[in-house]
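Me: Hi! I've just opened a new model and would love to talk it through with you. Could you help me find my way around?

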Amino acid sequence: MSDVFENAQLEDEEEEESLDEKYLTFMLGEEEFGINISFVTEIVGIQAITFVPELPIFVKGIINLRGQIIPVIDVRLRFEKEEVEYNDRTCIIVLQLKDLSIGFIVDSVAACDQIPNESVIPPPIAQRNYHQKYVSGIGKIQDKIVLILDCEKMIMEDMGLSMEAV
Amino acid sequence: MAVDNSLMDMFVFETTQLIDQLENILIDSENNGISGNIDEIFRIMHTIKGSAAMMMFDDISHLAHSIEDLFFFLREKNPTNVDYAKLTDLVLDGMDFIKNEIDKIQQTGSSDAKSDQMRETIRQYLEDLKAAHEGGAAATVAGAGAVGAAAAGAGAAGRAGSADASGSVGAGGGDDVFSAFEFSTQEGFAYVITVRFEDGSGMEHLRAFELVNRLQNISTELRHIPSDIDGETAMDEIQKNGVTIIFASELEHEDVVAYIEQTALMKTYDVKVKALKRPDDAAAGAGADSGTSADAGIGSAAAASPAAAIPAAEKPEAARPAQQPAAAQGGGGDSGGTGKQGIISVNISKLDKLMNLVGELVTSESMVSQNPDLNGLQLDNFNKAARQLQKIINELQDVSMSVRMVPLSLTFQKMHRIVRDMCRKLGKEVNLEIIGEETEVDKNIIEQITNPLMHLIRNSVDHGIEMPDDRERAGKRRSGTVTLEAKNESGDVWIIVKDDGQGLDKSRIYEKARRNGLTSKSREELTDKEINSFILAAGFSTNEQVTEYSGRGVGMDVVVKGIETVGGSVMLDSSEGAGTQISIKIPLTLAIMEGMIVNVGATNFVIPITSIRESFKANERHNIADVNGEDIIMIRGEPNPIIRLRDRFSLNSKAESYYDGIMIMVENETRQVCLYVDAILGQRQVVVKPLPGYIKEVRGISGCTLLGDGSISLILDVAEFLL
Amino acid sequence: MKRVMVVDDAMFMRASLKMMLEKNGFEIAAEAENGAIAVQKYKEVKPDFVTMDITMPEMDGLQALKLIKQFDPDAKIVVVSAMGQEPVVKEAILSGAKSFIVKPFKEDFVLKTLNSL
């Protein structure tokens, strides 16, 4: 997992201009999802999560990231999929959107891929529920399909918050 | 001049400070006389004048100027029979104008009101003063406020030979300029120089004076046109036509030019030189009307690059947090030399940063000294050293907190003005007594409580204290007393606003409360305190009219909210006919607190020590009963509801019966409950961190903290359980 | 780099001047809020120039100027005055002030003045 990230960094340095076409991809079961790399600040292995009561079920709680306290979301639960037990491949992808830092708990991190905008097609309208809400596009790399996620929506939807409020 | 945000901040800050200072001086002067303060008032106005002019807020600057003139007169002439009340009003009005403009400036960056009328009023007042003082024709003070007769001893002109200003030196360009002047020296050179100064450079006659003064060192037979370089006419003359200086010197042309070039702010200079020879050699030199004409811009401007091209360089130390513009650290003035206590002003963002770092230091220290790796090791030396480290860190923490502490005096003193104004306008007589103003609170807190306090004071004067006649009829003294008191008490600061007015009308309050649906209980079921407290609730109002000062009851709950924002609480007590007292409790320390770590299932909580009365393990001897579905435990005859944190937060916990875990008795002024937890893990000083903004408020949790082993513990909001 | 000491009792004025000067390549060697401190700091810091406000508490600019000139006759001091302070400015010149600036001053006047000394 860490070398995926190292590769990501190297590639970042070489191809700064195409940052907005670079995606970090992760697995949930058999499906591969992608997040634009510009949001990702780091990836850490699953660690102790402190439960906070009275939160939506997909907000697992908070973690201590080198002294900074960050909320974490279980992506499976966000997609209303069944929860699985965490293992040593489970990762937390730490994202930063404006002033908000947040972690996504995923089954495992897959790769850091370049997906040029031309290879991204809008999601079909008739889809299962969670796809509709959070997938902003479908990317194709060779034979692989990567579901590109709208991070802001994933974080903010149904939380009754605005970006400014956090 | 490009206006920098930080400069604007500083202008606003300093001017506001000065105005506050001035107000206090004036109010004090009403009681103790003004003469001791005139000089300081003058200096304050002088400073505001200068700064406002720099920022191009001309109306403010001119207004300050006219007040400065007024006080200049008072200082110099010390007239008797001055109507000081009128004087104070005038100045206070001026202060209000400036304050208003400063507010506008803070919001919008510009000031638009005109001060002409006010200036005219002040000018008229000054004229009257002068007339009265000099009992006759008022001496006209020169417009620019210059002192009277300038000392005539301009040494420079003294040595001049017969200077004649009527000679039109400039006319007839081709003529031999030197023919107009006579020189007795027959050695060296004769010079005629004309210097024009930069437009707007100011006091051009003095610039001329400076040059003339300097030229004395290298010349003889010096004279100048205009011959008189004192006074405003000279200044105007020189502004228009420049100054012409005629002299003889041993120095060569280039040397004289170099000498002249050391003069600041010259626009142009013209140097004509002629060798002075014996009469028989005159022919050789005549007509050699050589000289240097230069656009002074070349010489003196050489080093000055166009200001616009250089971007503003930021001072390295200026803190620049995301939202706030950085104000450079002010006042390097460590006045150790004058024996006064050195004071500097520091940007509050730096203090915030300091607090955060100290907080992290406390956490880090516990992560080291309580690191799980050390469990079970025998570490005497290490422990000793760790204790020393803790001791030092504690001290550092105390000091860094005290750095942020500011006495309430400035805030309290503001209230004098408010009371005074209100009394005047409402026709009441009120004495404001201030006690304990030296009490200090965190700077953040001061900002949050100033408005609520003002509101409370206004309430007291407007609704509390009765009109003098009414008071007399009620057997009270005609003038009412409002007491504003601050004191420290076990980790909290108390601020109490008390008046001896008419108190709260409980019947009216009760009726209003019922009408607004705040209660459904009958009058008898409620205690007096509970009835009075309705005033603090949102959506309550007994004022049928909106007065200018207090508005609708929408004020009180805003006051309460403001206090609660800083973690404080408000209590109210009143006695009809006798008066009302409002007590505000504010926690002293914000971010670091002493807490007890408890455990419920897999979750750890921190309970603030200050809320804990005692903790114990329940056993059969304790009387635990079910009362209306609520479990109650009797302690020393008092019923304490038991709250299972496990249930409140839906946690998994093994502790079943009340005898397995621990009871933590927590309390506030009125209630007492027992929190039931699995175990106590210890007591520790913790750094309070807010829950991430993404996580909306969780009832019962007020924040979180990092424990020594890196785990996160939630901080319990005890108040939630004491409702 | 030319080193300047900025003397004025108003924090705002000091800040304005410092900003102007630093923007244009001067180094702020020290600042002082009254004449007494100015004299003391001058001895410690030995700046190349001094901008000296006239009206200050404790010790005014004129007095400070005279004192500094006593132990450093070559001191390059520019007094900063408001309109209407002619007699003081004059005396300052006679006491050795190299030049003066009139408030409110413009940036290029300050620079030109210092650069011409």
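Me: Let's start with chain C. At what angle do the axes of helix 3 and helix 4 of chain C cross?
Reply: Happy to help! Keep in mind that this is a predicted model. The axes of helix 3 (residues 61–71) and helix 4 (residues 86–94) of chain C cross at roughly 5° and come within 10 Å. Angles under 35 degrees count as roughly parallel, so helix 3 of chain C is roughly parallel to helix 4 of chain C.

Me: Which residues make that contact?
Reply: Helix 3 of chain C brings L62(C), L65(C) and K66(C), while helix 4 of chain C brings V88(C), E91(C) and A92(C). By type, the residues of this helix 3 and helix 4 contact in chain C divide into 4 nonpolar and 2 charged, with no polar ones.

Me: Nice. Switching to chains A and B: how much area do they bury between them?
Reply: Chain B and chain A bury about 1800 Å² between them, and 73% of that is on carbon and sulfur atoms. On the chain B side, Y694(B), I695(B) and I712(B) lose the most area to chain A, together 41% of what that side buries.

Me: And how many residues does each chain put in?
Reply: The contact takes 23 residues from chain A and 20 residues from chain B.

Me: How many salt bridges or polar contacts go across?
Reply: The rule finds 0 salt bridges across the interface of chain B and chain A. For polar contact, it finds 1 residue pair there, with both residues at pLDDT 80 or more.

Me: Which strands of chain B supply residues to that side?
Reply: Strand 22 (701–706) and strand 23 (712–716) of chain B each supply at least two residues of the side that touches chain A. Strand 22 of chain B gives the most, with 3 residues. The residues of that side of chain B divide into 13 nonpolar, 3 polar and 4 charged.

Me: OK, what about salt bridges over all chains, how many are there?
Reply: The structure holds 46 over all chains. One example is R123(B) with E120(B), whose closest N and O atoms are 3.0 Å apart. R123(B) and E120(B) are separated by about one helical turn, because they are 3 residues apart in helix 5 (residues 116–134) of chain B.

Me: Last one: where does T194(B) lie, and what does T194(B) touch?
Reply: T194(B) is in strand 1 (residues 189–197) of chain B. Leaving aside residues up to four places away in sequence, T194(B) touches N241(B), V243(B), T244(B), T268(B), Y269(B) and D270(B). With T244(B), the side chain of T194(B) makes a polar contact, side chain to side chain, at 3.4 Å.

Key:
Residues are numbered from 1 along each chain as its sequence is written. Chains are lettered from A and ligands numbered from 1 in the order in which they are written. This is a predicted model: local features need pLDDT of at least 70, side-chain atom pairs count only at pLDDT 80 or more; totals for chains, interfaces and linings use all residues. Side-chain values use heavy atoms; hydrogens and water are left out. Contact means heavy atoms within 4.5 Å. Buried area is the accessible area (1.4 Å probe) that two parts lose on being put together, summed over both. A salt bridge is a side-chain nitrogen of Lys or Arg within 4 Å of a carboxyl oxygen of Asp or Glu. A polar contact is a pair of N or O atoms within 3.5 Å; within protein, one must be able to donate a hydrogen and the other to accept it, and residues adjacent in sequence count only if both atoms are side-chain atoms. Helices (H or I, at least four residues) and strands (E, at least two) are DSSP runs, numbered from the N terminus. Ala, Val, Leu, Ile, Met, Phe, Trp, Tyr, Cys and Pro count as nonpolar, Asp, Glu, Lys and Arg as charged, and the others, Gly among them, as polar. Axes are lines fitted to C-alpha atoms, for helices over the stretch in contact, and angles run from 0 to 180 degrees between N-to-C directions. Angles under 35 degrees count as roughly parallel, over 145 as roughly antiparallel, 65 to 115 as roughly perpendicular and the rest as oblique.
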